[in-house]
Amino acid sequence: MTYFLPIHAVLCIILLQAGFQPLIHASSDTDSLLRYPVIVAPGAIFSRTASGVFLGSSTTTYLVTARHVLVSDTKARVKPFALVRGNATDRYEDRGYTLELDLDALQRSGNWKEDLEHDVLVVRFMWDSKLMEGVQVKYEPPSEPAMVPFPSILRLHDIALQKAVYLVGYRVSIIPRGAETSELNIPKIREGKTLLKDGQKGQIVSDYLAVGGDSGAPVFMFARGGAAKLIGIHIGRQDCITPEGPLKCAIATPMDFVFALISTFK
């Protein structure tokens with residue numbers, strides 16, 4: 001007799017067994033960025049697996065990603081659940097912090113905020129050191145989940161043009177077949193430079209290479225003094241015309257709009 005596990009259970013097993021590569025060999029400032037991105041698996045749609053980032057403090061933590069990762073506009077409703085996995089704060093730990101999110105419950109309880117125009121979404125999954133309704137911890141490493149603290153954010157007006165930026169995401173575009181070799185396990189850093197910032201449209205336009213799975217990924221810039229600053233959330237690509245010719249530009253939503261959503265939580 002053949003037995004079938006619920007698809008969300010199968011996906012959870014994959015995420016739990018697919019351990020992170022420990023960041024033991026990190027030897028540069030950019031390598032330190034690899035601890036921040038999280039992988040977001042919306043329901044059972046492997047091909048839609050995307051990226052995100054944890055933002056906040058030890059007592060209040062948010063998941064930030066692109067809105068289209070968790071919202072299906074064709075059905076006009078959120079997907080029913082998502083699995084999220086992030087690195088542990090201790091870079092020597094080889095298993096990540098894994099959550100299952102009941103998106104309907106989070107939305108009903110007011111712990112879900114989205115911006116349709118700028119394609120970003122914020123889920124508050126911990127507040128006052130307590131997990132919110134609809135959040136289950138599937139695996140908790142000894143140390144806390146790695147997250148970007150609020151002071152490590154750069155607002156749009158402080159972002160310089162023609163400066164190096166770094167997209168850090170999970171470029172997953174195929175169903176994983178091997179936990180040790182799949183890109184499901186390993187975030188990638190792509191370097192580019194800022195080309196344009198548009199306050200009216202709420203966009204940062206850059207020339208880093210982005211592919212499937214990068215939606216919702218954090219974009220960083222190093223400020224004076226060498227500190228890494230989160231400047232935006234990657235939401236997609238569009239055709240651009242530059243002095244060097246046509247280019248497929250990368251678009252990120254500035255953190256200003258993420259903070260606008262966070263300010264509406266009660």
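These are my notebook entries from looking through this predicted model.

**Overall look**

I started with the basics. The protein has 266 residues, and 52% of them are buried. I get 4 helices and 18 strands. I then checked how far apart in sequence the contacting residues sit. Of the contacts with a separation of 6 or more, 68% are between residues 24 or more positions apart.

**Strand β15**

I picked β15 (203-206) next. What does β15 show on its two faces, buried or exposed residues? Gln203 and Val205 lie on one side, Ile204 and Ser206 on the other, and I find all of them buried. That two-sided split goes with a textbook point: in a regular strand the side chains alternate between the two faces of the sheet.

Then I looked up the partners of β15. One is β14 (residues 188-198), which runs antiparallel to β15 over 4 bridges. Within that pairing, I see Lys197 bridged to Ile204. The hairpin of β14 and β15 has 4 residues between the strands, and there Gly202 has a positive phi near 70 degrees. Another partner is β18 (residues 245-254), again antiparallel, this time over 3 bridges. Here Ser206 faces Ala250 of β18.

**Ala210 and the loop after β15**

Moving on along the chain, I came to Ala210, in the loop that links β15 to β16 (218-222). How much of Ala210 is accessible? The relative accessible area is 2%, and the cut-off for buried is under 20%, so Ala210 counts as buried.

I wanted to know what surrounds Ala210. Setting aside neighbours within four places in sequence, I list Leu167, Arg190, His234 and Arg237 as its contacts. Arg190 falls within β14, which spans residues 188-198, and Leu167 falls within β13, residues 164-169. I also took one distance: Ala210 and Tyr170 are 40 residues apart in sequence, with 10.0 Å between their C-alpha atoms.

**Strand β16**

β16 comes at the other end of that loop. I count 4 of its 5 residues as buried, so I'd call β16 mostly covered. Which strand pairs with β16 over 2 bridges? It is β13, in the antiparallel sense. Leu167 has Val219 of β16 as its bridge partner. So Leu167 turns up twice in my notes, here as a bridge partner and above as a contact of Ala210.

**The disulfide**

I searched the whole structure for disulfides and got 1. It joins Cys240 to Cys249, with 2.3 Å from S to S. I checked the accessibility of this pair too, and both Cys240 and Cys249 are buried. Cys249 lies within β18, residues 245-254.

**Helix α4**

How many of the 8 residues of α4 (residues 255-262) are buried? I get 6, so the helix is largely enclosed by the rest of the structure. I wrote them down as Met255, Phe257, Val258, Phe259, Leu261 and Ile262.

**Second largest pocket**

Last, I looked at the second largest pocket, with a volume of about 150 Å³. Its lining is Leu154, Ala160, Lys163, Ala164, Met221, Phe222, Ala223 and Arg224. By class that makes 6 nonpolar and 2 charged residues, with no polar ones. Met221 and Phe222 in this lining belong to β16 (218-222), and Ala164 belongs to β13 (residues 164-169).

Technical notes: Residues are numbered from 1 along each chain as its sequence is written. This is a predicted model: local features need pLDDT of at least 70, side-chain atom pairs count only at pLDDT 80 or more; totals for chains, interfaces and linings use all residues. Side-chain values use heavy atoms; hydrogens and water are left out. Buried means under 20% relative accessible area, exposed over 50%, partly exposed in between (1.4 Å probe, protein chains only). A disulfide is a pair of cysteine sulfur atoms within 2.5 Å. Contact means heavy atoms within 4.5 Å. Two strands pair if DSSP finds at least two bridges between them. On a 1 Å grid over the protein atoms alone, a cavity is a set of points where a 1.4 Å probe fits but cannot get out, and a pocket is an open set with protein on both sides within 12 Å along at least five of seven lines; lining residues have an atom within 4 Å of a point. Grid points are joined across faces, edges and corners, and a volume is the space filled by probe spheres set on the points. Ala, Val, Leu, Ile, Met, Phe, Trp, Tyr, Cys and Pro count as nonpolar, Asp, Glu, Lys and Arg as charged, and the others, Gly among them, as polar.
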